[in-house]
2 protein chains.
Amino acid sequence: MKLDISRLQRTIDQINGIETTQEEGVNRLALTDGDMKARRLFKEICSSIGLKIWEDEIGNIWARKEGLDPTLPAVLCGSHLDTVPNGGRYDGLLGVMTAVEVLQLIQERELEHDHPIEVVVFSIEESSRFNLSTVGSKALTGELNPSSLKNCIDQQGKSLYDVLLKKGYFPDEVEKIKIDPSQYKAFVEMHIEQGPVLYRESIDIGVVEAIAAPIRFQLNLLGEEAHSGACPMKMRKDALTAAAEIILEIEKKGIEESVHQTVTTTGICRVFPGAMNVVPGEVDLYVDIRGIDIMSMMRAVTDIVQKVEEICKKRQVQQIVKIISQEKPVLLNKRMMEAVKENCRRLGLSHKQMASGAGHDAMNIAKILPTALIFVPCVDGISHNKKERVEARDIENGLSLLYETILTLAQKDEDLNLEKEADV
Amino acid sequence: MKLDISRLQRTIDQINGIETTQEEGVNRLALTDGDMKARRLFKEICSSIGLKIWEDEIGNIWARKEGLDPTLPAVLCGSHLDTVPNGGRYDGLLGVMTAVEVLQLIQERELEHDHPIEVVVFSIEESSRFNLSTVGSKALTGELNPSSLKNCIDQQGKSLYDVLLKKGYFPDEVEKIKIDPSQYKAFVEMHIEQGPVLYRESIDIGVVEAIAAPIRFQLNLLGEEAHSGACPMKMRKDALTAAAEIILEIEKKGIEESVHQTVTTTGICRVFPGAMNVVPGEVDLYVDIRGIDIMSMMRAVTDIVQKVEEICKKRQVQQIVKIISQEKPVLLNKRMMEAVKENCRRLGLSHKQMASGAGHDAMNIAKILPTALIFVPCVDGISHNKKERVEARDIENGLSLLYETILTLAQKDEDLNLEKEADV
Ligand SMILES: [Zn+2]
Ligand SMILES: [Zn+2]
């Protein structure tokens, strides 16, 4: 059964009508005008189809369709509306509007379901503005308090706490919104992959088994500045050539650990003094190692640090390694994965069990609820970019799959034994 | 015969008393207050020992001691007084003040010499302020005109032309100061090495055989931005790992060509977008290749460009190579070198024939006059830095050598056959 996506495409276009231009892409940075207008429009759309709507203290928006038994825990689905600066048309928005479309279809078709179904729009998912990602879903797990919101400062010097206050939210009461897990049966997020795997391998659906966590470290390399003409090669302590060797070792380690879905990236390389006629005396590298297999990640870190020592010793360059962050991968619920796969099979969709390299609200919610994260391909894996695109057939596949999955989860008989089981 | 350097050290300290602090080093940026004060003090010192002084249209300062035959061409020696920002105490200044000390010694000892002797302070040697180096000596060879001075703009937006006017010089008449080679017999510049070779090899004197010229190019590498977590290693077009391979090839080529005194440096590496969670999509490298053997330099460039193509092809990264500048090395006069070496032997100074990796006023004057460039060691090769140091014995050696060399050149009988011979 293929579902018609014309209405879904219209609502997506409607929200993307806000603060969007051909040249600049989509600009709905968290809690800016663009984001606030999109929230308003989202509430209007939900309201027009008869959903019950409310917002919580940190700005998560909730829309509920009652089930046959309102006392049963709700099935939750959703994603986010905010974007990075000059972002794309589908990141977050696709998951949100597809969920609304699913509810509208259930409504129109007058399908019965035991459990209530709720759509959530997580507030402040992107870290671009306040340097903290997935704020809304973090708050739902009880990770945040007013002072953590005060510590997030945007480029204008405004704190997330103050901006929330100004927009009419209640940052002082952020701790109150912690979800009571007995109120929810499961959570499903649908999102574009934001990577090239599904698109390049022509696979319809990614069933996420784990969300990778980054280990990040800074590498400060201290060589010796010298005149590019006057210092012979053999007398140099060139921090940049040392860095180059290290960058290649980091890449090599990532390739070796690829089988375990670990990836390694040097994203920042700053060179001092940075002049044509000076042998670089100092380099800062920032390294990001991600994976879902903590042993593989730790092996990568250990091996890289050892290589750094060898290279620096050989080149008489001093090194300082500083761990910036070290998070744990989040494994998703196996029964939820099976339910999604079963629906893929029923719909004839090809699918792949895979890791999510990027973080998502699902990784927070997975700590308290049985959670599924479903990926649809985006063209060439391009995301966080105005060129972000999703093909119509993939929107269709995503809608069909989410529709089936939510209906499955909302039936009492098919409760999948989603009791509290260790998620990790 | 060892000469006493206490007076020389005093005059060096006197000039370094201007705009100098422990923390900031020496600040006599061209035509700033510090430079103007140093010029004034230099003229006072020369005047106090009875030299005839004048300044030319671009601010080169001249001090002359008459010879027995005033119609003979003069022997010229000198260097510069200006510094880079936060510069050292000896770069330029050592050559200038040692030359003045030589004249004062000749004066006191009432030594007779046939040829007149002149000391020159070249104006605006450092490129730090106006992005053009050795301006004073370039003007003396006829290379500059008023419009080239108008094109040199400092960070405050002031042109070299306007600043010269404001300081009382005559930039419109810069073309008039071109040296008539028949008026000068030879030029000698003494300078610190600004590299580590003499100091590390414990050699007293460097006799420069050639001044290296840089070939500079920019390398733009265009890969593909991707999410550091979501893009598998094998699907990446990482511009930074491509750059790292290239940086190591550039270094390797420099090591291979070391026997020909060619050196290769990647001094600038800019990475875009430069974020922890983004695989770099673009890198700009700036490469400086210096040498005195044009074949070796060209071989290095050709090999590097070929390696760049191979690496970029393999990594599916696009490259643009843009030559920024391509200058020819300047070979110095062999008879002048022999005269300097002969004096080293007479004084018992160890010496090494070597290339100058850095540019100096001597490279311009060498195009019109028989020219010698003499290096003294500086501690650890550190220069253009407040930590720049020269040991007392090296100042002593430099003074003794310059004294002997100027006296040799100023005798009529020892005219060394310094006729116009091809310098290159
Ligand atoms: Zn997103
Ligand atoms: Zn100098």
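**Reading salt bridges, an interface and helix packing**

Q: Which side chain does A:E224 meet in a salt bridge?

A: In general, side chains of opposite charge can pair when their charged atoms come close. Here A:E224 meets the side chain of B:R200, at 3.6 Å from N to O; the rule is a Lys or Arg side-chain nitrogen within 4 Å of an Asp or Glu carboxyl oxygen. Keep in mind that this is a predicted model, where local features need pLDDT of at least 70, side-chain atom pairs need 80 or more, and totals for chains, interfaces and linings take in all residues. Side-chain values use heavy atoms, without hydrogens or water, residues count from 1 along each chain as written, and chains are lettered from A and ligands numbered from 1 in written order.

Q: How many salt bridges are there between chain A and chain B, and how many over all chains?

A: There are 4 between chain A and chain B, and 62 over all chains. One to look at inside chain B is B:R89 with B:D13, at 3.3 Å from N to O. That pair ties together distant parts of the chain, 76 residues apart: B:R89 sits in the loop between β5 (74–80) and α3, while B:D13 is in helix α1.

Q: What area is buried between chain A and chain B?

A: Interface size is often given as the accessible area lost when the parts come together. For chains A and B that's about 4,300 Å², with 66% of it from carbon and sulfur atoms (1.4 Å probe, summed over both parts). On the chain A side, A:M233, A:M235 and A:M276 lose the most area to chain B, together 18% of what that side buries. Each chain puts 50 residues into the contact (heavy atoms within 4.5 Å).

Q: At what angle do α2 and α3 of chain A pack?

A: Two packed helices are described by the angle between their axes and the distance between the axes. In chain A, α2 (residues 33–48) and α3 (residues 93–108) pack at about 15 degrees, axes 10 Å apart (angles run from 0 to 180 degrees between N-to-C directions of axes fitted to C-alpha atoms over the stretch in contact; helices are DSSP H or I runs of at least four residues, strands E runs of at least two). The two helices are therefore roughly parallel (under 35 degrees; over 145 is roughly antiparallel, 65 to 115 roughly perpendicular, the rest oblique).

Q: Which residues make the contact of α2(A) with α3(A)?

A: A:F42, A:I45 and A:C46 come from α2(A), and A:V96, A:M97 and A:V100 from α3(A).

Note on methods
Buried area = accessible area lost by both parts, 1.4 Å probe.
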